[in-house]
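Subject: Handing over a structure, with notes on what was found in it

Dear colleague,

I am passing on to you the structure shown below, together with some notes for a reader who has not met it before. Please look it over at your own pace and then read on.

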Amino acid sequence: MAICDTCGNDYWMAFEVRTVSGQVYTFDCFECAATKLAPVCEHCSCRILGHGVEVEGRFYCCAHCARSVDERLGERIRDAVGAHPG
């Protein structure tokens, strides 16, 4: 069995995640993996589980949060998923 790096649970179905930088983590569920590895939105503090938005090295869950922090971003940033192309 393996111990989860987030919650400490000893679980027979635990899995490993290897990062490009060579770190190896063990988790017992995806929730623990997200808690440990997912970036946090700099505006609303939610975990970014989708694509999110990166602006000047800062991460946000959506364009709205990015604009809420810096109004100068204006139309340069928008959510593209599901957006009408025209």
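A salt bridge, as the term is used here, is a side-chain nitrogen of Lys or Arg within 4 Å of a carboxyl oxygen of Asp or Glu, and the structure holds 2 of them. Please keep in mind throughout that this is a predicted model, and that the values below are computed from it.

Before coming to those pairs, a word about the chain as a whole. There are 2 helices and 6 strands, and their order along the sequence follows the pattern β-β-β-β-α-β-β-α. The chain has 86 residues, of which 24% count as buried, and its accessible surface comes to about 6,300 Å², with 52% of that belonging to carbon and sulfur atoms. Among the contacts with a separation of 6 or more, those between residues 24 or more positions apart account for 12%.

To return to the salt bridges, side chains of opposite charge can pair when their charged atoms come close. One of the pairs is Arg18 with Glu16, where the closest N and O atoms are 2.8 Å apart; Arg18 is exposed, with a relative accessible area of 61%, while Glu16, at 47% relative accessibility, counts as partly exposed. In another pair, Arg58 forms a salt bridge with Glu42, and here the closest N and O atoms are 3.0 Å apart. Arg58 lies in strand E6 and Glu42 in the loop between helix H1 (30–37) and strand E5 (53–55), so this pair ties together parts that are 16 residues apart in sequence. Both partners count as partly exposed, Arg58 at 35% relative accessibility and Glu42 with a relative accessible area of 42%.

Arg58 also leads to Tyr60, since a polar contact of 3.4 Å joins the side chains of these two residues. Tyr60 belongs to strand E6, which covers residues 58–60. Is Tyr60 buried or exposed? Its relative accessible area is 2%, and because buried means under 20%, Tyr60 is counted as buried. Leaving aside residues up to four places away in sequence, Tyr60 touches a list of residues that includes Cys41, Glu42, His43, Ile48, Val53, Cys65 and Val69, so that Glu42, the salt-bridge partner of Arg58, is also among the contacts of Tyr60. Tyr60 and Val40 are 20 residues apart in sequence, yet their C-alpha atoms are 7.3 Å apart in space.

The loop between H1 and E5 also holds Ser45, which counts as exposed at 55% relative accessibility. The C-alpha atoms of Ser45 and Cys61 are separated by 8.7 Å, with their positions 16 residues apart along the chain.

Turning to the earlier part of the chain, strand E3 (residues 15–18) and strand E4 (residues 24–27) pair in the antiparallel sense over 4 bridges. Within this pairing, Phe15 stands opposite Phe27 in E4. The hairpin of E3 and E4 has 5 residues between the strands, and Gly22 takes a positive phi near 95° there.

Strand E4 also contains Thr26, which is buried, with a relative accessible area of 15%. Not counting residues up to four places away in sequence, Thr26 touches Ala2, Ile3, Cys4, Asp5, Ala14, Phe15 and Glu16; Phe15, which stands opposite Phe27, and Glu16, which is paired with Arg18, are therefore both among the contacts of Thr26, a residue that is itself buried. Helix H1 has Cys32, Ala33 and Ala34 as its buried residues, and what covers them includes E3 and E4.

Lastly, there is a nonpolar patch on the surface, of about 450 Å², made by Met1, Trp12 and Met13. Of these residues, Met1 is placed in the segment before strand E1 (2–3), and Met1 is exposed, with a relative accessible area of 73%.

With kind regards

Note on methods
Residues numbered from 1 in each chain as written. Predicted model: local features only at pLDDT ≥ 70, side-chain atom pairs only at ≥ 80, totals over all residues. Heavy atoms only, no water. Patch = residues over 30% accessible without salt bridge, like charges linked within 9 Å, V, L, I, M, F, W, Y side chains within 5 Å. Areas by Shrake-Rupley, 256 points an atom, 1.4 Å probe, with all protein chains shown as cover. Buried < 20%, exposed > 50% of the residue type's maximum accessible area, 1.4 Å probe, protein only. Pairing = 2+ DSSP bridges. Contact = heavy atoms within 4.5 Å. Polar contact = N/O pair within 3.5 Å; in protein donor to acceptor, adjacent residues only side chain to side chain.
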